[in-house]
Amino acid sequence: MANKAAIGQDALIEKGWWKSHQWLVWRRLSQLSVLALFLLGPWFGVWVIKGNIASSLILDTVPLTDPYLLIQVLLTRHLPETTAVLGAVIVLGFYLLVGGRVYCSWVCPVNMATDFAAWLRRRFGITSAARLSRNTRFWLLGLTLAMALVTGTLAWELINPVTAVYRGLVFGMGLGWTVLLAIFLFDFVIANRGWCGHLCPVGAFYSLIGRVSAVRVSAIRREQCNDCMDCFIVCPEPQVIRPALKGSDETSPVIRDGACTNCGRCVDICSKDVFQFGLRNSGKMNSQVANHQREVLS
Amino acid sequence: MSVKQSGSSRGVTRRQFLAGTVGAACAAGLAGLGLVSYTRQASALPAYAIRPPGALAESDFLGACVRCGLCVRDCPYDTLRLAKPGEDVALGTPYFIAREIPCEMCEDIPCVVACPTGALDHSLTDIDKSRMGLAVVVDQETCIAFRGLRCEVCFNVCPARGKAITLEMQHNARSGKHARFIPIVHSTDCTGCGKCERACILEEAAIKIFPLHLAKGIQGEHYRLGWQEKDKAGQSLVTPDVEHKYNLPEGMGYDYEGQGLIIEEQAAETPYPDDPLETLNRGKDRI
């Protein structure tokens, strides 16, 4: 551990490149494909999905609406058409299944900029960091909802960088790139994982869904952990790992914290294959099954 | 970085927790203050930006529109666009600029149908009833119709031709013998589609679409128009109607229909007939 060349070196040697990067690759593919699907229409006239991340229509039939936005609309005391409500229910159901902040790590384009900033920080050993509470995002989430209630308008949407960047990519960027650049620089220079991990109220909202969502990462073979710390270093929300990885035998190895984005970097980076995707409530059982399996195999 | 860094089980003292919480709350509050004032400023819709048909009143619209752009996508004429960062219009909201691409007033109103939230009111099914704005002849100095030249382009391109814009014939005082055909906009029929502004032949349009609140006056609640009240009641509501009488010189009449003073036939002759006896016989009743 002490003379380790680089983060993820162990995994690379033990598991090979693909096994130590596969979730990262899938994730980037997911982010880019969702964007590509939105761009197929305006660029090539193929309308698989129309609209943008705020609300859209798949094949002119299935509506999708961001539930966080819909809640704000309701708070402005506007009663939306059923299309938007149905769309929000579908999206909510999806993220309840696959994990709330899957939105952040598998769909949101800002994630690519902030991941890049975090990677650069690790690469150049930049440790300067403004001290921010990770709970700030929940205050901001409350603030955005209060703003909708008080002003009667979607005030947050006037500055929301997440939707602004997506809308920019699909409908024309304008000065939207400056927003993305600002977030990148904030994360790169000022605060490690500053935007996605501390401030973004969109992520805060989806983390609330993540508290009950079905698919979770589980430290299923935690007794194999060799304390290399790689997972803590690459994880965008390292505080979520400890209770699952370092818990006692009675505690579940499942990462239950809603802040976990299900990005799967810990799964990739662990040379001992401690982590794997599983279901929220099957953690304990899986752990035993896994132990059993290993005994059988060895 | 080491495992020890995060310390024992709960490495946060009460003081740290309070400081952290208060810090986060203050940061959020500060952001809120900034956002409130920014909201005011950013929600003001510039006059050139026209909302799509069926858009709710601006303050409601900004609460209902999720900025998804489905209306933009379903507009067959690429009229609509979403406000980009750096533009004056509230970020991400749909609008159009009449002078660039006006609304073609599709009968099936696809933009309204596409709206998932009802920010574009789905109860609007007749495009003629939409009120995106109101055409206003803003500059009578450059509009060539006011100079006595024949143009009438706005009148002719209007989808509600002859209703939303009519031509009023006036006397051309400059030449003294020609007419002027002045375009008059009627808010009863104008949808604010902007085709007149698009078509105006001037370098800068003399007829422009304005948001209704800028274009329309509103008369006081208490205001009553006497002739309307009279029609409603069937009689004058003030003092009994006095029959109007002209007080004109002897032998003269008045015709309202543009002819003004007329000299009555009999009076056209001299008051002193050829036969002086007649004058004498008329006697006192004349004076």
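Here's a quick tour of a covered helix, a pair of domains and a chain-to-chain contact. Keep in mind that this is a predicted model. Chain A splits into domain 1 (24-209) and domain 2 (216-297), and chain A also touches chain B, with 47 residues from chain A and 40 residues from chain B taking part.

**The two domains of chain A**
- Measuring over C-alpha atoms, you'd find the centres of domain 1 and domain 2 of chain A 27 Å apart.
- Where these two domains meet, domain 1 of chain A puts in 15 residues and domain 2 of chain A puts in 13.
- On the domain 1 side, the elements giving two or more residues are helices H2 (22-44), H5 (102-107), H6 (110-124), H10 (194-199) and H11 (201-210) of chain A.
- H5(A) gives the most to that side, with three residues.
- Sorted by class, the domain 1 side has six nonpolar, five polar and four charged residues.

**Where chain B meets chain A**
- On the chain B side, helices H1 (14-42), H2 (58-64) and H3 (70-74) of chain B each bring at least two residues.
- H1(B) gives the most here, with 13 residues.
- The chain B side is made up of 21 nonpolar, 14 polar and five charged residues.

**A closer look at H8 of chain A**
- Helix H8 (residues 161-171) of chain A is mostly covered, with ten of its eleven residues buried.
- Among those buried residues are A:Pro161, A:Tyr166, A:Arg167 and A:Phe171.
- Just after H8(A) comes A:Gly172, which has a positive phi of about 115°.

Definitions and conventions: Residues numbered from 1 in each chain as written. Chains lettered and ligands numbered in written order. Predicted model: local features only at pLDDT ≥ 70, side-chain atom pairs only at ≥ 80, totals over all residues. Buried ≥ 20, exposed ≤ 12 C-beta atoms within 10 Å, placed from the backbone. Helix = DSSP H or I, 4+ residues; strand = E, 2+ residues; numbered from the N terminus. Domains from an automatic or database assignment. Contact = placed C-beta atoms within 7 Å. Nonpolar A, V, L, I, M, F, W, Y, C, P; charged D, E, K, R; others polar.
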